[in-house]
Amino acid sequence: MKRFLFLVLAAGLGACAHEAAGPKTVTELHQQHVWQHEPGADLMAAMETGFSRIAHREGRAATLAQLAEAGYECTYGEAHEDYPEPMAVCTRSFASRACQFDWDVSLTSDPKTPDSVGSAKAGFRRDCVGLADDFPEPVKSAIDDQLAPPPALPGTAN
């Protein structure tokens with residue numbers, strides 16, 4: 001009997017440790033990573049799995065509230081009698097001195113289950129000064145020209 005109780009306790013602790021391993025909110029997901037320096041493929045995988053796990057656990061309404069709190073702007077498809085909760089597509093952009101970051105997520109629900117999450121997809125893009133840190137592919141953009149031209153000297157033509 002003691003052996004059985006020990007196994008039940010060990011399994012319970014293991015389940016608690018597993019649940020605590022990942023971020024619990026979208027804001028925590030963003031805070032858990034160094035978006036400028038970590039490898040892009042690792043960030044993409046963390047975003048996809050973390051967002052999907054959060055959305056399926058929390059449900060549609062709570063996930064949309066978390067996205068708003070984390071600075072995402074959402075647009076919605078049209079509702080239909082077969083799909084009363086339209087697809088939500090949410091984006092967030094942030095720029096540092098070195099990079100432009102863009103996140104996008106989409107949520108659909110099961111039309112037969114209100115406040116459900118049928119699918120939760122996420123994407124991440126990074127455009128940095130130079131091409132080496134761009135993700136998912138190198139992007140030649142204005143940021144690669146070091147953001148702005150040097151100021152003109154007084155008395156010279158622009």
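Start with helix α3, residues 40-58. Helices here are DSSP runs of H or I with at least four residues, strands are E runs of at least two, and both are numbered from the N terminus. The expected span of a helix is 1.5 Å times one less than its number of residues, so the 19 residues of α3 should cover 27 Å, and the 26 Å between its end C-alpha atoms agrees with that. Keep in mind that this is a predicted model, where local features need pLDDT of at least 70, side-chain atom pairs count only at pLDDT 80 or more, and totals for chains, interfaces and linings use all residues. Numbering runs from 1 along each chain as its sequence is written, and side-chain values use heavy atoms, with hydrogens and water left out.

Which residues of α3 are buried? They are G40, L43, M44, A46, M47, G50, F51, I54 and A55, where buried means under 20% relative accessible area, exposed means over 50%, and partly exposed lies in between (1.4 Å probe, protein chains only). Look down the axis of α3 and these buried residues fall within an arc of 160 degrees, so they line one face of the helix; the arc is taken over the directions from the helix axis to the C-beta atoms. Over on the other side of α3, A41 and T49 are exposed.

So what covers the buried residues of α3? The cover includes α2 (26-31) and α4 (60-69), along with the strands β3 (99-108) and β4 (119-128). Contact here means heavy atoms within 4.5 Å. Right after α3 comes G59, with a positive phi near 95 degrees.

Now step back to the protein chain. It has 4 helices and 4 strands, and along the sequence they read α-α-α-α-β-β-β-β. Of its 158 residues, 31% are buried. Take the contacts between residues at least 6 apart in sequence, and 47% of them join residues at least 24 apart. The chain exposes about 10,300 Å², with carbon and sulfur atoms supplying 60% of that; the areas come from the Shrake-Rupley method with a 1.4 Å probe, and for residues only the protein chains shown count as cover.

On to the strands, which pair if DSSP finds at least two bridges between them. Strand β1 (residues 73-76) runs antiparallel to β2 (residues 88-95), joined by 4 bridges, and E73 stands opposite T91 in β2. β2 and β3 are antiparallel too, with 8 bridges between them, and they form a hairpin with 3 residues in between. There, R92 stands opposite W103 in β3.
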